[in-house]
Amino acid sequence: MNTTNSCPCGSKKPFSSCCSPILEGHSKATTAEQLMRSRYSAYTLAKNKYLMNSWATETRPKDLDVENETIQWLGLEIEECEKGRTEDEKGTVTFTARFLSSGHLCQLHEKSRFVQRDHLWYYLDGETESTTAKVGRNEPCPCGSEKKYKKCCFSKARN
């Protein structure tokens, strides 16, 4: 990813000054929201190692393979943050993430719980709801390109 592009997390900041330093280990997430945003960016960039390392050990899955997923992430919207600041030990972040998977527009709505240990934030778990809708070939592409789906992401998914 070009570091001058906008960050995938939706902050509207350049990737180089938003999630990139956290993903590359040059800085740490100082709030639960910052960790949430960096984890979303890690999913979009298939950063398995970062995702596993930022997951609390007691709830971390045995393995994770986002590198082989055929998901196209479309955006993240942070809806609410409760606590999760530098001085807090716990926090929650409620968000909606949109993505395309096998021709379906999906939304994942989650209230994520985070814990801070030794000045590091970790994802603990979350309450999730998801919705899925089939995208018609002649409908506007949900990626925001203003092209028809068949001329945009549908053709990319088939290649």
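**Helix 2, the strands and the largest pocket**

The buried residues of helix 2 are covered by a set of elements that includes helix 1, helix 3, strand 1, strand 2, strand 3 and strand 4. The model in which this is seen is a predicted one, and helix 2 is a convenient place from which to begin reading it. Helix 2 spans residues 32-44, and its 13 residues reach 19 Å from the first C-alpha to the last, which is close to the 18 Å expected at 1.5 Å a residue. Its buried residues are Ala32, Leu35, Met36, Arg37, Ser38, Arg39, Tyr40, Ser41 and Ala42. In an α-helix, with 3.6 residues a turn, residues three or four places apart point the same way. Just after helix 2, alanine 46 takes a positive phi of about 55 degrees.

Serine 38 offers a closer view of this helix, since its place is in helix 2 and its relative accessible area is 0%, so that serine 38 counts as buried. Leaving aside residues up to four places away in sequence, serine 38 touches Cys19, Ile22, Leu23 and Tyr50.

From the helix we turn to the strands, taken in order along the chain. Strand 1, residues 71-83, and strand 2 pair in the antiparallel sense over eleven bridges, and one of the bridge partnerships sets glutamate 82 against threonine 92 in strand 2. The two strands form a hairpin with six residues between them, and in the turn glycine 84 has a positive phi of about 80 degrees. Strand 2, which covers residues 90-101, is mostly covered, for nine of its twelve residues are buried.

Strand 2 is also joined to strand 3, residues 104-117, by twelve bridges, and these two strands run antiparallel. Along this pairing, lysine 90 stands opposite valine 115 in strand 3, while glycine 91 stands opposite phenylalanine 114 in strand 3. The hairpin of strand 2 and strand 3 has two residues between the strands, and serine 102 there takes a positive phi near 50 degrees. In a regular strand the side chains alternate between the two faces of the sheet.

Strand 3 in turn pairs with strand 4 in the antiparallel sense, over 14 bridges, and leucine 108 has serine 130 in strand 4 as its bridge partner. In the hairpin that strand 3 and strand 4 make, again with two residues between the strands, aspartate 118 takes a positive phi near 50 degrees. Strand 4 contains tryptophan 121, whose relative accessible area of 4% is under the 20% limit, and tryptophan 121 is therefore buried. Between tryptophan 121 and phenylalanine 15 there are 106 residues in sequence and 20 Å in space, taken from C-alpha to C-alpha.

The last feature to consider is the largest pocket, which holds about 350 Å³ of space. Of the 16 residues that line the largest pocket, Ile22, Lys28, Tyr50, Asn53 and Ser54 are the closest to its centre. Helix 1 (20-23), helix 3 (48-53) and strand 4 (120-134) are the elements that give two or more residues to this lining. In chemical character, the lining residues divide into eight nonpolar, four polar and four charged. The pocket also leads back to the helix with which we began, for Ile22 and Tyr50, which are among the residues closest to the pocket centre, are also among the residues that serine 38 of helix 2 touches.

Key. Residues are numbered from 1 along each chain as its sequence is written. This is a predicted model: local features need pLDDT of at least 70, side-chain atom pairs count only at pLDDT 80 or more; totals for chains, interfaces and linings use all residues. Side-chain values use heavy atoms; hydrogens and water are left out. On a 1 Å grid over the protein atoms alone, a cavity is a set of points where a 1.4 Å probe fits but cannot get out, and a pocket is an open set with protein on both sides within 12 Å along at least five of seven lines; lining residues have an atom within 4 Å of a point. Grid points are joined across faces, edges and corners, and a volume is the space filled by probe spheres set on the points. Helices (H or I, at least four residues) and strands (E, at least two) are DSSP runs, numbered from the N terminus. Ala, Val, Leu, Ile, Met, Phe, Trp, Tyr, Cys and Pro count as nonpolar, Asp, Glu, Lys and Arg as charged, and the others, Gly among them, as polar. Buried means under 20% relative accessible area, exposed over 50%, partly exposed in between (1.4 Å probe, protein chains only). Two strands pair if DSSP finds at least two bridges between them. The expected span of a helix is 1.5 Å times one less than its number of residues. Contact means heavy atoms within 4.5 Å.
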